[in-house]
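Me: I have a chain to look at and some questions about it. Please keep the answers short.

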Amino acid sequence: MKYVDEFREPEKAEGLRREIAKISQQLARPIKIMEVCGGHTHSIFKYGIEEILPNNIELIYGPGCPVCVMPKGKLDDAIAICQNDNVIFATFGDAMRVPGSKTSLLQARATGADIRMVYSPLDSLQIAKDNPDKEVVFFALGFETTAPSTAFTILQAAAEKIPNFSMFCNHVLVIPALQALLDNPDLQLDGFVGPGHVSMVIGTDPYQFISQQYHKPIVVSGFEPLDILQSIWMLLQQLLENRCEVENQYNRIVQPAGNQVALAAINQVFTTREKFDWRGLGDIPYSGLQIRPEYAQFNAEVKFTIPNLKVADHKACQCGEILKGVLKPWQCKVFGTACTPETPIGTCMVSSEGACAAYYKYGRLSTLAKKTMQEKPKLDLSQEPLPSCSTSLV
């Protein structure tokens, strides 16, 4: 992308808006479109895209935020690892304030655990080189977007024979999650705005089952305002013409077969788990990645004793229903009151890609959101203490 302004021109946006309005009148029925990626949700609210769409078009947030879909039990496992005396625990910043059942990584660091924020798994490998007397563990999170960097780091550690380095692998796969959503009878969708970042790695071919088996259209989209508007227009055009196809709006980046080098690294280092527990979606078969036995020396689940317990979400938090697209964030009883970015109860309010964070930051002027917030009754949370995740602990 040479000039970002080309993807934000008001005249082109107005032209797309008119075309979307025209097709929506021709369809003359409610249309539900799920944007799978949290990055799309933030762009939609940042640029006011939802506000200019016709009333019969509803955008629904999907489970495309890797931190948001992480269940509390996995956070407890990570905290259990970092509380070993000889461990340096490295993680992306998004995971620092995610509440576990009793505490967060940020709070664990405040009480003495050596937890460091990094921008790349290679940074954690360098920490291991600089601290040969310590065990360094990297908290590997994310969809297929970040899995290649994890795989290449493990291959680098193997090549350099770094003995004090391992990863707590919690990478997840988007295709099984989409299939679980499509099998959910409570969620009726007309189409998908497909994830751009994931598709850079896996391509568009894996989405064919959505059109062929479930007869739903999907358009892989970029993240600029015109990208998203054009993708919505393309979806509506398919619905108008009674087509169900996989289309690629983000063709300046995404190729049908994906990135073969990245996919080869993933396949070399990882294999799929029999099941993985997703927040809101439950256990989904073959939806997570684990490190292959030949790289077991870099697997923190082999090196350390991990509780590996399932932990229920806070009773007041409806993050699971939001991730499934059943509820909007402002319909949660604690959204914007007890649950804010400063004091999050659920993961959707913590992550930079979380739906609640997007709605809180950009969507609070929405007419429907304001009306819902004004009518929301105050909730008595005295029976169940809320976890404190204040940034003042830094």
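Me: How much space lies in the largest cavity?
Reply: A note before the numbers: this is a predicted model. A probe the size of a water molecule, rolled over the atoms, shows where empty space is left. The structure holds two cavities of 30 Å³ or more. The space in the largest cavity is about 70 Å³.

Me: How many charged residues are in the lining of the largest cavity?
Reply: Start with the residues that line this cavity. Among them are Cys317, Cys319, Cys332, Cys339, Cys348 and Cys356. Ile322, Val334, Phe335 and Met349 also belong to the lining, as do Gln318 and Gly346. By class, 10 are nonpolar and two polar, and the number of charged residues is zero: there are no charged ones.

Me: What volume does the second largest cavity have, and how many charged residues are in its lining?
Reply: The volume is about 30 Å³. The residues that line this cavity include Ile60, Tyr61, Lys328 and Tyr359. Lys counts as charged. The lining has six nonpolar residues, one polar and, as for charged, one.

Me: Which residue lines the largest cavity and also the second largest?
Reply: Look for a name in both linings. The largest cavity has Cys319, Ile322 and Cys332 among its lining residues. The second largest has Tyr61, Ile322 and Gly325 among its own. The shared name is Ile322.

Me: What radius of gyration does the chain have?
Reply: The chain has 394 residues, and a compact globule of that length would have a radius near 21 Å. The C-alpha atoms fill a box of roughly 65 × 50 × 40 Å along the principal axes. The radius of the chain agrees with the globule value: 21 Å.

Me: What share of the contacts with a separation of 6 or more joins residues 24 or more positions apart?
Reply: The chain has 16 helices and 13 strands. Of its 394 residues, 55% count as buried. For the contacts asked about, the share is 78%.

Me: Is His215 buried or exposed?
Reply: His215 is in the loop between α10 (208-212) and β8 (218-220). Its phi is positive, near 60 degrees. Most residues other than glycine have a negative phi. The relative accessibility of His215 is 53%, and exposed means over 50%, so His215 is exposed.

Me: What is the relative accessible area of Asn242?
Reply: Asn242 sits in the loop between α11 (225-240) and β9 (246-248). Phi of Asn242 is positive too, near 55 degrees. Asn242 counts as exposed, and its relative accessible area is 71%.

Notes: Residues are numbered from 1 along each chain as its sequence is written. This is a predicted model: local features need pLDDT of at least 70, side-chain atom pairs count only at pLDDT 80 or more; totals for chains, interfaces and linings use all residues. Side-chain values use heavy atoms; hydrogens and water are left out. On a 1 Å grid over the protein atoms alone, a cavity is a set of points where a 1.4 Å probe fits but cannot get out, and a pocket is an open set with protein on both sides within 12 Å along at least five of seven lines; lining residues have an atom within 4 Å of a point. Grid points are joined across faces, edges and corners, and a volume is the space filled by probe spheres set on the points. Helices (H or I, at least four residues) and strands (E, at least two) are DSSP runs, numbered from the N terminus. The radius of gyration is taken over C-alpha atoms; the globule rule is 2.2 Å times the number of residues to the power 0.38. Buried means under 20% relative accessible area, exposed over 50%, partly exposed in between (1.4 Å probe, protein chains only). Contact means heavy atoms within 4.5 Å.
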